[in-house]
Amino acid sequence: MSTDHLTGQCLCGAVQITVAGAHDPRPGACHCRMCQRWNGGVFMCFEAQAEAVTVTGDVARYASSDFSERAFCPRCGSHLWMRDTDTPGTAYELMPGLFDAAHDWTMRSEIYVDGAIASLTGDHPRATGAEYEAKNRFVEGDVK
């Protein structure tokens with residue numbers, strides 16, 4: 001567990017999330033079909049205790065099961081968290097991509113690996129940011 005102070009935001013900046021307390025800075029990945037549909041591939045999250053999380057801005061919630069919700073920014077659609085709703089004070093499972101600090105975190109776990117989309121594994125061409133940008137349009141100033 002870490003107690004480092006983290007700040008993150010959705011793509012448009014309308015939702016900001018602060019983690020000021022206990023959290024596990026190691027993302028877990030899920031390859032279940034529900035997560036694939038929500039994320040378009042693999043779902044990744046890190047856990048932060050409820051009392052450590054402060055959210056500002058308008059948030060939309062979707063009850064994806066009878067015991068959990070998935071939250072997103074209603075303006076830009078950025079995924080924010082998944083969280084159990086049947087137990088008060090349940091930890092947040094936050095999207096690491098919202099937080100610049102998550103860039104260097106290592107993986108904690110990976111589940112439903114037998115359901116992983118084939119395109120996420122195997123040998124395929126890879127390109128650095130500079131290599132991609134030399135050949136394609138991109139957003140100037142994108143956080144790296």
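**Strands, sheet and a pocket**

His5 in strand S1 (residues 5-9) has Ala20 as its bridge partner in strand S2. This model is predicted, and the points below follow its strands from that pair to an open sheet of seven strands and then to the second largest pocket. As general background, the strands of a sheet pair through backbone hydrogen bonds, either parallel or antiparallel.

**Strands S1, S2 and S5**
- S1 and S2 pair in the antiparallel sense over five bridges, and they form a hairpin with six residues between them, where Gly13 in the turn has a positive phi of about 85°.
- S2 (residues 16-20) has a covered face, made of Ile17 and Val19, and an uncovered one, made of Gln16, Thr18 and Ala20.
- S2 is also joined to strand S5 (residues 53-56) by four bridges, with the two strands running antiparallel, and here Gln16 stands opposite Thr56.

**The open sheet**
- The seven strands of the open sheet come in the order S6-S7-S8-S9-S4-S3-S10, with mixed pairing.
- Its edge strands are S6 (60-62) and S10 (109-111), each of which pairs on one side only, and neighbouring strands are turned by 30° against each other on average, direction ignored.
- S7 (residues 68-72) and S8 (residues 79-84) run antiparallel and are joined by five bridges, in which Ala71 has Trp81 as its partner.

**The second largest pocket**
- About 260 Å³ of space lies in this pocket, and of its 20 lining residues the closest to the centre are Cys30, Phe43, Met82, Glu93 and Ile111.
- The lining divides into eleven nonpolar, five polar and four charged residues.
- Strands S3, S4, S7 and S10 and helix H1 (33-39) each supply at least two residues of the lining.

Notes. Residues are numbered from 1 along each chain as its sequence is written. This is a predicted model: local features need pLDDT of at least 70, side-chain atom pairs count only at pLDDT 80 or more; totals for chains, interfaces and linings use all residues. Side-chain values use heavy atoms; hydrogens and water are left out. Two strands pair if DSSP finds at least two bridges between them. Axes are lines fitted to C-alpha atoms, for helices over the stretch in contact, and angles run from 0 to 180 degrees between N-to-C directions. On a 1 Å grid over the protein atoms alone, a cavity is a set of points where a 1.4 Å probe fits but cannot get out, and a pocket is an open set with protein on both sides within 12 Å along at least five of seven lines; lining residues have an atom within 4 Å of a point. Grid points are joined across faces, edges and corners, and a volume is the space filled by probe spheres set on the points. Ala, Val, Leu, Ile, Met, Phe, Trp, Tyr, Cys and Pro count as nonpolar, Asp, Glu, Lys and Arg as charged, and the others, Gly among them, as polar. Buried means under 20% relative accessible area, exposed over 50%, partly exposed in between (1.4 Å probe, protein chains only).
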